[in-house]
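Colleague: I have this model open and would like to go through it with you. Could you take me around it, starting with the metal sites?

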Amino acid sequence: MQTVGYAARSPESPLAPMAFERRALRGNDVAIEITHCGVCHSDLHTARNDWGGTRYPVIPGHEIVGRVTAVAPGVTRYKAGDRVAVGCMVDSCMECDQCDKGEEQLCRHGMTGTYSGVDRVDGTPTHGGYSGAIVVREEFVVKVPDALDAAHAAPLLCAGITVYSPLRKWNVGEGTRVGVIGLGGLGHMAVKLAVAMGAHVTVVSRAKDKEADALALGAHVLLVSGDREAMAAARDSLDLIIDTVPVEHDLNPYLPLLDVDGTLVLVGQIGPLGKLSSLPLLRGRRRISASPIGGISQTQEMLDFCGEKGVVPEIEMIRMDEINHAYDRLEKADVRYRFVIDMATLENAV
Ligand SMILES: [Zn+2]
Ligand SMILES: [Zn+2]
């Protein structure tokens, strides 16, 4: 199947249209016409090879929502016309203990990324959602609940599940004291989801000027990290911190905010942590962890939860041909809070 996407051909080149082939349907493949795709910080990092290992040309996009256009004979869960979504992975070994548990993101043999990955069957590169269509085996396709509109559902597929998974892993519920560091795409979803789970939510921010935004999103308190007195007063006051900061930063000021046995989970940054002292960890038996997206069944659970509770991201719609400008703005954190590409604009953008 011939389609078109927006590809980066090198770390320096802006995204530009590229015609390419989607594979013919295999055993239990689902063909999806993409209607919306969220813009994740990882898209930008991968396009620019910030983490190394990008396979060029790369078509980013792993917050994909669309409609089923065709299914292979082996498909049991979906039919043409269904509203579906695809997130950060499109395959895994499906045989190891982690895949058996539904933790495909932790597959012992490595999950297959939605873009810049390699197809497990034919060895071709995987291409993401900045494109007209995608073909994915049905185990990696999820259903979009009727209560969610397509544009708002898109960012849930990466930003949503990335923060939902640790909130569930650490049993956040009524009265849990949750801190959120960073108020971007991931952070604003962490606030909304934690509030919907019944948590008491503190946003930790460098600037007081984020307060109105934080409270509008449902947070209960804004704590200014540069305010030494306020930070000291907030010692031992949190059970869990979701740290969404996407660049290297100093964790030392945040760890004392955790109560005994509290955990700080990194979900934004990939790379070195900077200098850490064991002292705040030892004093409160505190932990640092990190968490990559979530499994497919948990992704479905998260979408259903958002549909039920009316939890949706704040989005800004863009046209496909605005993507390079959107990346510039994303780099400056100038977005509230997630760009979503209206893929109907692809046609006029090639
Ligand atoms: Zn992402
Ligand atoms: Zn596996």
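Modeller: Keeping in mind that this is a predicted model, the zinc ion (ligand 1) has C40 (SG), H62 (NE2) and C158 (SG) as its protein donors, and these lie 2.0 to 2.2 Å from the ion. Along the chain, the donors of the zinc ion (ligand 1) follow the spacing C-x21-H-x95-C.

Colleague: Where do C40 and H62 sit?

Modeller: C40 is in the loop between strand 3 (29-38) and helix 1 (41-47), while H62 is in the loop between helix 1 and strand 4 (64-71), and this pair, 22 residues apart, links distant parts of the chain.

Colleague: Buried or exposed, that C40? And what about H62?

Modeller: C40 has a relative accessible area of 5%, so it counts as buried. H62, with a relative accessible area of 8%, is buried as well.

Colleague: Okay, what coordinates the zinc ion (ligand 2)?

Modeller: The zinc ion (ligand 2) is held by the SG atoms of C93, C96, C99 and C107, at 2.3 to 2.4 Å, and its donors are spaced as C-x2-C-x2-C-x7-C along the chain. Of these, C96 belongs to the loop between strand 6 (89-91) and helix 2 (97-100) and C107 to the loop between helix 2 and strand 7 (112-113), so the pair ties together parts that are 11 residues apart in sequence. Both C96 and C107 are buried.

Colleague: Which arrangement do the 4 donor atoms around the zinc ion (ligand 2) make?

Modeller: The arrangement is tetrahedral, because the angles subtended by the 4 donor atoms around the zinc ion (ligand 2) run from 104 to 119°. For reference, the ideal angle for four tetrahedral donors is 109.5 degrees.

Colleague: While I'm in that loop, what is going on with the phi of M94?

Modeller: M94 takes a positive phi of about 65° although it is not a glycine, and its place is the loop between strand 6 and helix 2. With a relative accessible area of 28%, M94 is partly exposed. D261 likewise has a positive phi of about 65° without being a glycine, but D261 is found in strand 14, where its relative accessibility of 30% makes it partly exposed.

Colleague: Which residues does a cis peptide bond join?

Modeller: One such bond joins Y56 and P57, with omega of about -10°, and P57 is located in the loop between helix 1 and strand 4. Another joins R336 and Y337, again with omega of about -10°, and Y337 is placed in the loop between helix 10 (323-331) and strand 17.

Colleague: Zooming out, how many helices and strands does the protein have?

Modeller: The protein has 10 helices and 17 strands. Its radius of gyration is 20 Å, close to the 20 Å that the globule rule gives for 350 residues, so the protein is as compact as a globular protein of that length. Along the principal axes, the C-alpha atoms fill a box of roughly 60 × 40 × 35 Å. Of the 350 residues, 56% count as buried, and among the contacts with a separation of 6 or more, 67% come from residues 24 or more positions apart.

Colleague: And what does the surface look like in terms of exposed area?

Modeller: About 15,000 Å² is exposed by the protein, with carbon and sulfur atoms supplying 50% of that area.

Colleague: Now the interior: which residues touch the most other members in the largest nonpolar core?

Modeller: That core has 94 residues, and V39, Y130, L167, L193, M320 and I323 are the ones that touch the most other members. Helix 5 (residues 185-196) contributes the largest share of this core, 6 residues. Apart from it lies another core, of 15 residues, including M231, V245, L251 and L266.

Colleague: What is I323 in contact with?

Modeller: Setting aside neighbours within four places in sequence, I323 is in contact with Y6, L15, V39, Y130, I318 and I341.

Colleague: Last one: how many residues of helix 4 are buried, and what covers them?

Modeller: In helix 4 (residues 159-169), 9 of the 11 residues are buried, among them G160, Y164 and L167. The cover over the buried residues of helix 4 includes strand 10 (177-181), helix 5, strand 13 (238-243), strand 14 (258-266), helix 9 (296-309) and strand 17 (338-342). Just after helix 4, N171 has a positive phi of about 55°.

How values were computed: Residues numbered from 1 in each chain as written. Chains lettered and ligands numbered in written order. Predicted model: local features only at pLDDT ≥ 70, side-chain atom pairs only at ≥ 80, totals over all residues. Heavy atoms only, no water. Donors = N, O, S within 2.8 Å, 3.2 Å for Na, K, Ca; no water. Tetrahedral: all angles 85-135°; square planar, octahedral: opposite > 155°, others 65-115°. Helix = DSSP H or I, 4+ residues; strand = E, 2+ residues; numbered from the N terminus. Buried < 20%, exposed > 50% of the residue type's maximum accessible area, 1.4 Å probe, protein only. Rg over C-alpha atoms; globule rule 2.2 N^0.38 Å. Contact = heavy atoms within 4.5 Å. Areas by Shrake-Rupley, 256 points an atom, 1.4 Å probe, with all protein chains shown as cover. Core = buried A, V, L, I, M, F, W, Y, C linked by side-chain atoms within 4.5 Å.
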